[in-house]
Amino acid sequence: MNGAVQQEPAYVIHRRPWRESSLLVDLFTLNHGRISLIARGASGPRSPLKAQLQPFQPLLVDWRGRSDLKTLIQLEVRQAAALHQTRALYSGLYLNELLQRVLPVADSHPMLFASYIDSLQALSALPAEGDVEPVLRTFERAFASALGYDFAWDYATDVEQAVQEQGDYGYDPAQGIVSAGNPEACLRSIPGSTLQALAAGDLSSDQPRRTAKRVMRVLIDYLLQGKPLHSRTLFNGTVSSSGRKP
């Protein structure tokens, strides 16, 4: 079969009806990145595919086709990490929407694929009202790195100097951490001590936590180019036990 792929590890990140009885499915795959395929007859009353082609469900997928739109041949369902808690589920939907809305078609990102699996497993292990933010920030950094927007928390790129504890800094999506006076900075007045804490992996203290969230929000909005994220609407109605929205 021309353009045939077999036993490709994949996750469903989005699906929608296609014609009378089929589904148009977006997959995030290990070796082929984001792809779209038609699952013919998947909405039919006797087809098991509708139940199998679910978000967060790990699959081994066979497809064929040389165009951007493939045709599903068959699939094998693997054991899934269940997202039982509401905040974990909404977080997973956020990850899926990032991949579906921003990731270029057919770009292979095996490290991001591994990060996605790790994130789903971490979310599935969260207790009720568990803290999703470290999981989200970690995935966002992996996502940014895959798209070429990685940066070091403790290095100001415009002046090519390490961040100083008593210094004041800014953030620009195209440059990363920058000096306080950089005219391109989208965020300003970021303490050097906070950036050093983030460089050391501190996502639990209040100031580093809030700073990481602000920086990654600016970066994600930059990558979206003004497009809204529907998963943020879900988050807006979800408040953690600490009173903070994710």
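**Group meeting talk: two domains, their cores and their salt bridges**

Let's start with one residue. Thr71 sits in strand β5, which runs over residues 69-77. Keep in mind that this is a predicted model.

Is Thr71 buried or exposed? Buried means under 20% relative accessible area. Thr71 has 17% relative accessibility, so it counts as buried. What does Thr71 touch, once we set aside its neighbours within four places in sequence? It is in contact with Leu37, Ile38 and Arg40, and also with Asp62, Trp63 and Arg64.

Now step back to the whole chain. It is divided into domain 1, residues 8-77, and domain 2, residues 86-235. The C-alpha centres of these two domains lie 29 Å apart. Domain 1 brings 16 residues to the contact, and domain 2 brings 19 residues.

There is a record to mention here. An unreviewed UniProt entry annotates residues 7-79 as "domain: DNA replication/recombination mediator RecO N-terminal". What is that stretch made of? Over residues 7-79, the chain is 59% strand and 5% helix. The C-alpha atoms at the two ends of that stretch are 15 Å apart.

Back to the interface. Domain 1 and domain 2 bury about 1500 Å² between them. Carbon and sulfur atoms give 70% of that area. Which three residues of domain 1 supply the most? They are Phe28, Arg34 and Phe56. Together they supply 47% of the area that domain 1 buries against domain 2. How many salt bridges does the rule find across this interface? Zero.

Next, the inside. The largest nonpolar core has 44 residues. Leu99, Tyr116, Phe143 and Tyr171 have the most contacts inside it. Several elements each supply at least two residues of this core, among them β1 (5-18), α2 (86-102), α3 (110-124) and α4 (133-146). Also on that list are β8 (168-172), β10 (187-191), α5 (192-199) and α6 (206-224). Helix α6 gives the most, with eight residues. Where does this core lie? Both domain 1 and domain 2 give residues to it, so it lies between them.

Look at Phe143 up close. Leave aside its neighbours within four places in sequence. Phe143 is then in contact with Leu98, Leu99, Val102, Leu103 and Leu112, plus Ile220 and Leu223.

There is also a second, separate core of 17 residues. It includes Val5, Leu23, Leu37 and Leu75. We met Leu37 earlier, as a contact of Thr71.

One helix deserves a stop: α5. Its buried residues include Gly192, Thr194 and Leu195, along with Ala197 and Leu198. What do the buried residues of α5 pack against? They pack against β8, β9 (176-179), β10 and α6. After α5 comes Gly201, with a positive phi near 90°.

Last topic: charges. Side chains of opposite charge can pair when their charged atoms come close. The structure holds nine salt bridges. Here are three.

Pair one is Asp26 with Arg16, at 3.2 Å from N to O. Asp26 is in strand β2 (residues 22-29), and Arg16 is in strand β1, ten residues apart. Asp26 has 2% relative accessibility, so it counts as buried. Arg16, at 29%, counts as partly exposed.

Pair two is Arg78 with Glu76, at 2.7 Å from N to O. Arg78 counts as partly exposed, at 42% relative accessibility. Glu76 also counts as partly exposed, at 32%.

Pair three is Arg137 with Glu133, at 3.4 Å from N to O. Both lie in helix α4, four residues apart, which is about one turn of the helix. Why does that spacing help us picture them? An α-helix has 3.6 residues a turn, so residues three or four places apart point the same way. Arg137 is buried, with a relative accessible area of 8%. Glu133 is buried too, with 5%.

That third pair has company. Arg137 and Glu133 belong to a network of salt bridges that also links Asp131, Glu140 and Arg209.

To wrap up: a core lies between the two domains, zero salt bridges are found across their interface, and the structure holds nine salt bridges.

How values were computed
Residues are numbered from 1 along each chain as its sequence is written. This is a predicted model: local features need pLDDT of at least 70, side-chain atom pairs count only at pLDDT 80 or more; totals for chains, interfaces and linings use all residues. Side-chain values use heavy atoms; hydrogens and water are left out. A nonpolar core is a set of buried Ala, Val, Leu, Ile, Met, Phe, Trp, Tyr and Cys residues joined through side-chain atoms within 4.5 Å. Buried means under 20% relative accessible area, exposed over 50%, partly exposed in between (1.4 Å probe, protein chains only). Domain bounds come from an automatic or database domain assignment. Contact means heavy atoms within 4.5 Å. UniProt positions are given in the numbering used here, feature names are shortened, and annotations may be inferred rather than shown by experiment. A salt bridge is a side-chain nitrogen of Lys or Arg within 4 Å of a carboxyl oxygen of Asp or Glu. Buried area is the accessible area (1.4 Å probe) that two parts lose on being put together, summed over both.
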